[in-house]
Amino acid sequence: MREKNSRFRDRSCDFVDRRPWGRTRSTKSHEAARKKRGLLLAQASANLRVLLLLVIFVSVITWSFAARRERLIDSWKPLHYNVSLTLNDQLTEITSATAEITVLSLKGSLSQVDLDFGELAVDSVTVNREPTPFERSPDLLNVKLSKPVPRNTRLVVVVSYHGVPRDGLILTTDKAGKRSAVGDNWPNRVHHWIPCLDHPSAKATVSFTVTAPARNLVVANGRLDRVETVSDTSKRWKYSEGVPIPPYCMIIAAGEFAQVTPSQQEVTPLSYYVPLPDKDVAVEGFAAANPSLKFFSQTVAPYPYEKLALIVGATRFGGMENSSAIVFTSGLFDSRSKSEPISKVFKIREGTVSLVAHEIAHQWFGDSVTESTWSDLWLSEGFATYFAGLVIQRYEGEQAFQKYMKRTADEYLRYEKKTSTPIHDTETENLFKLLNANNYQKGAWVLHMLRSSLGDEAFFRGVRDYYNNHKNSTASTEDLRSALERASGRNLKEFFARWIYGAGHPRYELTWQWKQTRSKEGILTINLNQTQREEAFLMSVPFEIVSSKGVTRKTIRPSGKLTTLQLPLSNRPSAVRLDPDNTVLKEVSVEAAK
Ligand SMILES: [Zn+2]
């Protein structure tokens, strides 16, 4: 997903009451805690200000704390969720729901199924159709099996429940004032409205049956199986997602949407669900969608899902990449300041192009190949950020791509001045704080450096192998490393150690000196010093020597913090430039010694 643009924080007072999920049923203490966290995050976010490039605009960011929990999937795992929800006429509550969860035991003598579940009232629980006792503790629903079951046993757990979810399913009004119900689950908020195993690695197939007012359209993950008329006032919609997806991507969206079908449908059935006032701008606003789908399906692999719906509705993010049903912030198409750069090709804001491409890239990276642990989040966000850049490179050209990567580097460098942690972050407790420039911007640059270093052929072959080996499943950073090593024949251990598991980036100071020697030949001496606190980066860096005889390209391979290189050179150069094509994430100063 991508964040909303933090500069709108300053205007947040205007928007507090309009934030789409503003009327939550928070307790006072929860509200106070949220405000306190908001202050801390406001400070952090000021640092992140420019780094969160995004696009979005209207409502205030309401943060909450999402505690990190690397839930091990070692006692049972979900295989399929069959979720039925009936919404009331005003879409203000779930009047009744059942989640039928097919579970597989992974160990012998399994005696309970501990589901993540929030605060909704539970009416009953059955296992294999037998009423079954359960216990509740904060955020858990422990289903007590009548007798322990052996390993590899399939169970069908059915939880019936109802109420007003505290989070996850956002019940609100859209920009036209119409009621809507939209799922918004990242990172682990789906358990507030669906009992589940709420960890990204617990992927499963899902089907949704949603009974909603007849005036509403309903979208969910996967294929639309049927729409039935239940009564004069309500309809029932059935959707099925046939491949496993992460729980944070399982959503429905119900509301008085305008459904717009663009003429280009080359990759997968594509449709837009937007608030009524956005009906006439949706095709133009989503102009980058079909080209992005085409580019990724040609460059990576066929599109993984049955369709793609782009929804404008309630999300706390700029965009949220739910599998086959992406939700964008309600202000996506609102008018903007004239200063925002406009894409020369798509004729809309550059930020909208990269946001749409980013969320569509997630369908492959994040949704289909899902990060195994929260520490591997860059496999989702770094890929989406870089592959959005590749859409820009493909359709808008090299210059636009270089501008995108430069801005990405600048955003990371600003962030790193305040926070020096590795991309592979095993410690941060608040998952929202993982939405940072390490996972997005630096992750994108890691991929750019790998591509520059391995070459397009090996890099994209490695990425395709990585994707195909892990599609509809999960992957770790080490899985990516081994795929790229196999494709390139290179050992990338040192590269990953420095760039993913280590913090920081090289701060190069290059000094050069040319001296005439007795033989009338000259010698160019280059000292490459790395001044960062952290260890040296040992990757080769290209440089070029500019002289009256032209430009010569060389590389320097550091052996430690200080590396010296001497080259015979008959003329005094006019300049020495480090990394002239900007292929390394770095800070640099170059100086000619006197
Ligand atoms: Zn993202």
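## Helices α4 and α6 to α9

Right after α6 comes Gly-397, with a positive phi near 100°. Helices here are DSSP runs of H or I with at least four residues, numbered from the N terminus. Please keep in mind that this is a predicted model, in which local features need pLDDT of at least 70, side-chain atom pairs count only at pLDDT 80 or more, and totals for chains, interfaces and linings use all residues. Residues are numbered from 1 along each chain as its sequence is written.

Let's stay with α6. Its 19 residues reach 25 Å from first C-alpha to last, close to the 27 Å expected at 1.5 Å a residue; the expected span is 1.5 Å times one less than the number of residues. Helix α6 is mostly covered, with 16 of its 19 residues buried. A residue is buried if 20 or more other C-beta atoms (placed from the backbone) lie within 10 Å of its own, exposed if 12 or fewer do, and partly exposed in between.

Tyr-386 is part of α6, and this residue is buried, with 25 other C-beta atoms within 10 Å. Leaving aside residues up to four places away in sequence, Tyr-386 touches Ala-444, Leu-447 and His-448; contact means C-beta atoms, placed from the backbone, within 7 Å. Tyr-386 and Trp-445 are 59 residues apart in sequence, yet 7.3 Å apart in space, C-alpha to C-alpha.

Now for two helix pairs. Axes are lines fitted to C-alpha atoms over the stretch in contact, and angles run from 0 to 180 degrees between N-to-C directions.

| Pair | Angle | Axis distance |
|---|---|---|
| α4 (residues 289-299) and α6 (residues 378-396) | about 100° | 10 Å |
| α8 (residues 438-454) and α9 (residues 456-470) | about 130° | 6 Å |

The angle makes α4 roughly perpendicular to α6, while α8 and α9 are oblique to each other. Angles under 35 degrees count as roughly parallel, over 145 as roughly antiparallel, 65 to 115 as roughly perpendicular and the rest as oblique.

From α4, Pro-291, Ser-292, Phe-295 and Phe-296 meet Phe-387, Val-391, Arg-394 and Tyr-395 of α6. In the other pair, Leu-450, Arg-451 and Leu-454 of α8 meet Asp-456, Ala-458 and Phe-459 of α9.

Finally, α7 (residues 398-416) has 19 residues that should span 27 Å at 1.5 Å a residue, and its end C-alpha atoms are indeed 27 Å apart. Its buried residues are Tyr-404, Met-405, Thr-408, Ala-409, Glu-411, Tyr-412, Tyr-415 and Glu-416. They cover an arc of only 160° around the axis (taken from the directions from the helix axis to the C-beta atoms), so they sit on the same side of α7. The face turned away from that buried side carries the exposed Gln-399 and Lys-406.

Notes. Helices (H or I, at least four residues) and strands (E, at least two) are DSSP runs, numbered from the N terminus. Two residues are in contact if their C-beta atoms, placed from the backbone, lie within 7 Å.
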